[in-house]
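Student: Could you take me through one part of this structure up close? I'd like to see how the pieces there fit together.

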Amino acid sequence: MTTRPDVPDRLPRAALRYAGARCAALCAVSTAATTAGLLLPAALGRTLDLLLAHAPAARWVACCAGLVLLLAVLDGCAAVLAGTVDARSTAWLRRRITGHVLALGPGADARFGAGELVARLVGSAAQAGTAPGAQAALAAALAGPVGGVVALGLIDPWLAAVFLAGAPVLALLLRAFARDTSACVADYQRVQGRMAAALAEAVGGFRTIRAAGAEERETARILAPLPELSRAGHRMWRVQGRAAAQAVTVAPLLNLGVVAVAGLLLARHRLSVGELLAASRYAVLATGVGVLVGHLAALSRARAATGRLAEVLAEPAPGYGARELPPGYGRLELRGVTARRGGRTVLADVDLVVPGGTTLAVVGRSGTGKSVLAELAGRLADPDTGEVLLDGVPLSALTHTELRRSVSYAFERPVLLGTTIEDTIAFGLTAPSPARIRAAARTARADGFVRRLPDGYATRCADAPRSGGESQRLGLARAFAHGGRLLILDDALSSLDTVTEHEITEALLAPGTGPTRLLIAHRSATAARADAVAWLDEGRVRAVGPHARLWQDPEYRVVFEA
């Protein structure tokens, strides 16, 4: 069961609602600043007329000074609010995307790649986070030209008429600019994502690259899209430059037309000198294309970035049910399970039953779907068809808490999260007690080397260099500490030496009422200690039975020689 979110198309509105009060405050402050800016020319014009008439003008001079001071204060408040809105919106988007990516599980990496996800989470989220603030600022910025035209009409209708005659040209320029900028920005961000994905791959495989002496070749591969990035960037700047050039061509002509008509009206004694001054300032405000171009450019970049985030949110995330597990010993059942990856069928119609409290080893050649089966068994991913049940309950019907409390994992290359070694072992839905953590470490044969660290279990992970085998033992300890009904080991013993592997498997597979164990195995010795072995071949279960019986088949023995 998966749920496809219905919010990606409404992501900008959701971000705007989250910014809510601060966005409204930003819009109010920006509008107040625009209003003060609209009042200032009228006040200056009135002051000039009084001064020319040698009339008392002290109050109007004070009014002009007050408006200038108010403008400075409001602009400062708007800058602070804009920064706050951008930061909060970006943080909200990053939490939203991070939560969704973690809910998607392995499917997110398969669909987008780690580097691309990081690029969207860091760069695109920061760009998209500016959208609410840009929208609020744009609303206030539009008030300037509209107020300017209204003010021109109040001074004299002919002034507004002259301006409105050329206004459609400005409107067409702004519309074309917004459309072209969005396309250019989307291309730029897409190329950035490809470069980030290539860099992430190189960082993950730096030892292989260095061992092969292929540093220069990998550098060239990572930077190969750079010319395309440059072209997209230049295209973006050309669009913005062309829009600005066209605007500065049209706007002065409109200003000149307004001032010329105002001069004629002054000559006919229909306007005063102060009104002429005010009209010239209002014409500049009415043609505030430079401000609008900047806001539209920011909004276009934010819209393109929001589209990239919406693509991630459009991927359906697993849904959870409301059921709890009944009493049981962890009977695992796969019914008609089929899984596809990248258009290829990895598992096909798999039927498998693991009795509660027993151990099943899953073996097969590389690429036969062992790790995918492990993902499905604990619902790190959902099958394309079929279902997986634990003690008779479909995993998709369980609550998130019940599922994660009942299934524990250990992996071939565990990612050790947490500040200290103890945090690493305790990492999970619930925190085990210190005594349980140490008992799990002893079972995983990790207690000895942990105690030799400078601060034992309190040693910071960053200060505790580890071999691959030691990391695997800490991953095993984490799985053992959390227990549950089902323990899944995805080749989690592969880096251990033979003696340590033997000791752990002996402790793990000791007779008793332990959890059900599903082992992805590559060594015949590991398979031999399991109660039964499931032999996968080309995505299907070829045979299930004791290792000793399967060993009679020469093709089965070849699996461990590959």
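Tutor: Sure, let's start at His54, which sits in the loop between α1 and α2 (58-104). Keep in mind that this is a predicted model. His54 is exposed, with a relative accessible area of 75%. Its backbone is worth a look too: phi of His54 is near 55°, a positive value in a residue other than glycine. For background, most residues other than glycine have a negative phi.

Now step back from that loop into helix α1, which covers residues 11-52. Its partner here is helix α10, residues 273-286. Two packed helices are described by the angle between their axes and the distance between the axes. For α1 and α10, the axes come within 7 Å and cross at roughly 160°. Angles over 145 degrees count as roughly antiparallel, and α1 and α10 are therefore roughly antiparallel to each other. The crossing of α1 past α10 is right-handed.

So who actually touches whom? On the α1 side, the residues in contact include Gly37, Leu38, Pro41, Leu48 and Leu52. On the α10 side, they meet a set of residues with Val273, Leu277, Arg281 and Leu285 among them. Sort the residues of this contact by type and you get 11 nonpolar, three polar and three charged.

One last stop, for another backbone like the one at His54: Arg445, in the loop between α15 and α16 (447-451). Phi of Arg445 is near 55°, again positive in a residue other than glycine. Arg445 counts as partly exposed, at 31% relative accessibility.

Key: Residues numbered from 1 in each chain as written. Predicted model: local features only at pLDDT ≥ 70, side-chain atom pairs only at ≥ 80, totals over all residues. Heavy atoms only, no water. Axes fitted to C-alpha atoms, helices over the stretch in contact; angles between N-to-C directions. Helix = DSSP H or I, 4+ residues; strand = E, 2+ residues; numbered from the N terminus. Parallel < 35°, antiparallel > 145°, perpendicular 65-115°, else oblique. Left-handed = near helix turned anticlockwise from the far one by under 90°. Contact = heavy atoms within 4.5 Å. Nonpolar A, V, L, I, M, F, W, Y, C, P; charged D, E, K, R; others polar. Buried < 20%, exposed > 50% of the residue type's maximum accessible area, 1.4 Å probe, protein only.
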